[in-house]
Amino acid sequence: MLFRIFCSHCLHGVLLYQKDGKGHLHRCYFNRIVEPEALVQACRDKERSQPAGICALCCPACNSVIGVPMRHSDGRLAFRLRPGAFAKKPA
Ligand SMILES: [Zn+2]
């Protein structure tokens with residue numbers, strides 16, 4: 001299911017995400033980010049990086065921090081979303 005993720009501070013769109021399964025959205029895995037293209041490309045380039053070397057996911061309009069990079073136990077990189085920093089809507 002596709003979700004649009006918004007900044008809860010200014011309501012600017014941040015990204016489009018393809019979520020697997022049901023339940024709450026806690027993480028955005030790099031390989032499931034659909035838009036914007038610049039972020040998709042940046043995530044692709046960082047696939048082999050350590051999370052500490054990757055910039056936080058910030059709102060392009062107000063620069064609020066939406067998520068911080070992490071590596072899931074299965075090895076995939078993701079942004080761990082900050083509770084309260086984002087809103088989502090089915091796209
Ligand atoms: Zn914002």
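The following legends describe close-up views of a predicted model.

**Figure 1. Zinc site with four cysteine donors.**
The zinc ion is held by the SG atoms of Cys7, Cys10, Cys59 and Cys62, at distances of 2.3 to 2.4 Å. Angles of 104 to 117° are subtended by the four donor atoms, and the arrangement is therefore tetrahedral. For comparison, the ideal angle for four tetrahedral donors is 109.5 degrees. Along the sequence the donor residues follow the spacing C-x2-C-x48-C-x2-C. Cys7 belongs to strand β1 (residues 2–7), whereas Cys59 lies in the loop between β5 (57–58) and β6 (65–71), so this pair ties together parts that are 52 residues apart in sequence. Cys7 has a relative accessible area of 0% and is buried. Cys59, at 1% relative accessibility, also counts as buried, because the cut-off for a buried residue is under 20%.

**Figure 2. Strand β1 and its pairing with β2 and β8.**
Strands β1 and β2 run antiparallel and are joined by five bridges. Within this pairing, Arg4 stands opposite Leu16 of β2. The two strands form a hairpin with five residues between them. β1 also pairs with strand β8 (residues 86–90), again in the antiparallel sense and over five bridges. In β8, Phe86 stands opposite Cys7, one of the residues that coordinate the zinc ion.

**Figure 3. Leu11 and Asn63, two loop residues with positive phi.**
Leu11 is placed in the loop between β1 and β2 (13–18). Its phi is near 70°, a positive value in a residue other than glycine. The side of the picture given by accessibility is clear for Leu11, which is exposed with a relative accessible area of 60%. Asn63 occupies a place in the loop between β5 and β6. Phi of Asn63 is likewise near 70° and positive, in a residue other than glycine. Asn63 is exposed, its relative accessible area being 56%. As background, most residues other than glycine have a negative phi.

**Figure 4. The cis peptide bond from Glu35 to Pro36.**
The peptide bond that leads from Glu35 to Pro36 is cis, and its omega is near -5°. Pro36 is located in the loop between β4 (33–35) and α1 (37–45). In general, most peptide bonds are trans.

**Figure 5. The open sheet of four strands.**
Four strands form an open sheet in the order β3-β7-β6-β5, with antiparallel pairing. The edges are taken by β3 (27–29) and β5; each has a single partner strand, so one side of each is left without a neighbour in the sheet. β5 and β6 run antiparallel and are joined by two bridges. Leu57 has Gly67 of β6 as its bridge partner.

**Figure 6. The largest pocket and its lining.**
The largest pocket holds about 210 Å³ of space. It is lined by 14 residues, of which Leu39, Cys55, Ala56, Leu57 and Phe79 are the closest to its centre. α1 and β5 each supply at least two residues of this lining, and α1 gives the most, with three. By class, the lining comprises 13 nonpolar residues, no polar residue and one charged residue. Leu39 is part of helix α1. With a relative accessibility of 17%, Leu39 counts as buried. The C-alpha atom of Leu39 is separated by 8.3 Å from that of Leu15, although the two residues are 24 residues apart along the chain. Leu57, which is also among the residues closest to the pocket centre, is the bridge partner of Gly67 in β6.

**Figure 7. The second largest pocket and its lining.**
The volume of the second largest pocket is about 170 Å³. Its lining is made up of Tyr17, Lys19, Asp20, His24, Leu25, His26, Arg27, Tyr29, Arg32 and Arg76. These residues divide into three nonpolar, two polar and five charged.

Technical notes
Residues are numbered from 1 along each chain as its sequence is written. This is a predicted model: local features need pLDDT of at least 70, side-chain atom pairs count only at pLDDT 80 or more; totals for chains, interfaces and linings use all residues. Side-chain values use heavy atoms; hydrogens and water are left out. Donors are N, O and S atoms within 2.8 Å of the metal (3.2 Å for Na, K and Ca); water is not among the atoms, so sites may look incomplete. Four donors count as tetrahedral if all angles lie between 85 and 135 degrees; four count as square planar and six as octahedral if opposite donors are over 155 degrees apart and all others between 65 and 115; anything else is irregular. Buried means under 20% relative accessible area, exposed over 50%, partly exposed in between (1.4 Å probe, protein chains only). On a 1 Å grid over the protein atoms alone, a cavity is a set of points where a 1.4 Å probe fits but cannot get out, and a pocket is an open set with protein on both sides within 12 Å along at least five of seven lines; lining residues have an atom within 4 Å of a point. Grid points are joined across faces, edges and corners, and a volume is the space filled by probe spheres set on the points. Ala, Val, Leu, Ile, Met, Phe, Trp, Tyr, Cys and Pro count as nonpolar, Asp, Glu, Lys and Arg as charged, and the others, Gly among them, as polar. Two strands pair if DSSP finds at least two bridges between them.
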